[in-house]
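User: I am new to this structure and would be grateful for a close look at a single part of the chain. Please then place that part within the whole.

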Amino acid sequence: GPPAEIDGSVLEGGGQILRMSSSYSALFGRPIHITKIRAGRSKPGLAAQHLESLRLVRDVSAGSLTSDFVGSTEVTLTPKVLAPGRFSADPGTAGAI
């Protein structure tokens, strides 16, 4: 079906909504479109650690991710099938993945 629409400014408006929604997307195989990413923050949009966590979910779910660049205020994640394997991520910052 069509992607679930996620408002990235809800809750604390930071990385937690990105991590939770992308994880559920992969687990349930449902595409998501996240908008207003970190809209209320001093530096809106994806930071390096957010981008890396989304790319990790993309890889684990053999899916696709659009608009995946630092500063992007919206992304679409389309997961496929979760598969075992060796995956790694390095956000290059002290931020949480």
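Which relative accessible area does Pro-84 have, and is this residue buried or exposed?

Analyst: Pro-84 is exposed, for its relative accessible area is 82%, and the cut-off for that class is over 50%. The model in which this value was computed is a predicted one. Along the chain, Pro-84 belongs to the segment after strand S4, which covers residues 75-78. A second proline, Pro-31, is 53 residues away from Pro-84 in sequence, and the C-alpha atoms of the two are 20 Å apart in space.

To place this segment, the whole chain has to be considered. The secondary structure of the protein chain consists of 2 helices and 4 strands, and their order from the N terminus is β-α-β-α-β-β. The radius of gyration is 12 Å, close to the 13 Å that the globule rule gives for 97 residues, so the chain is as compact as a globular protein of that length. Taken along the principal axes, the box filled by the C-alpha atoms is roughly 35 × 30 × 20 Å. Among contacts with a separation of 6 or more, 62% are accounted for by residues 24 or more positions apart.

The surface can be described in similar terms. Of the 97 residues, 38% count as buried. The accessible surface of the chain comes to about 5400 Å², and carbon and sulfur atoms contribute 57% of it. As for charge, there are 10 positive and 8 negative side chains, with the centres of the two sets 2 Å apart.

Before strand S4 comes a loop that links it to strand S3 (64-66), and Gly-71 is found in this loop. Gly-71 is partly exposed, with a relative accessible area of 34%. If residues up to four places away in sequence are left aside, Gly-71 touches Pro-44, Gly-45 and Leu-46. Arg-30, by comparison, is 41 residues from Gly-71 along the chain, and 24 Å separates their C-alpha atoms.

Another loop runs between strand S2 (32-35) and helix H2 (48-60), and Lys-36 has its place there. Arg-38 is also located in the loop between S2 and H2. Lys-36 is not a glycine, yet its phi is positive, at about 55°. Arg-38, likewise not a glycine, has a positive phi of about 50°. Their accessibility can be set side by side: Lys-36 counts as partly exposed at 45% relative accessibility, whereas Arg-38 counts as buried at 12%. The value for Arg-38 falls in the buried class because that class is defined as under 20% relative accessible area.

Helix H1 offers a further detail. The structure holds 1 aromatic pair. The ring centres of Tyr-24 and Phe-28 are 6.2 Å apart and the planes lie at 25°, so the pair is stacked. Both residues belong to helix H1 (residues 15-28), and because they are 4 residues apart there, about one helical turn separates them. Tyr-24 is partly exposed, at a relative accessible area of 44%, while Phe-28 is exposed, at 67%.

In summary, the residue with which this account began, Pro-84, is exposed and lies in the segment after strand S4.

Methods: Residues numbered from 1 in each chain as written. Predicted model: local features only at pLDDT ≥ 70, side-chain atom pairs only at ≥ 80, totals over all residues. Heavy atoms only, no water. Rg over C-alpha atoms; globule rule 2.2 N^0.38 Å. Buried < 20%, exposed > 50% of the residue type's maximum accessible area, 1.4 Å probe, protein only. Contact = heavy atoms within 4.5 Å. Areas by Shrake-Rupley, 256 points an atom, 1.4 Å probe, with all protein chains shown as cover. Lys, Arg positive; Asp, Glu negative; His and termini not counted. Charge placed at Lys NZ, Arg CZ, Asp CG, Glu CD. Phe/Tyr/Trp six-rings, centres within 6.5 Å; stacked < 30°, edge-to-face > 60°.
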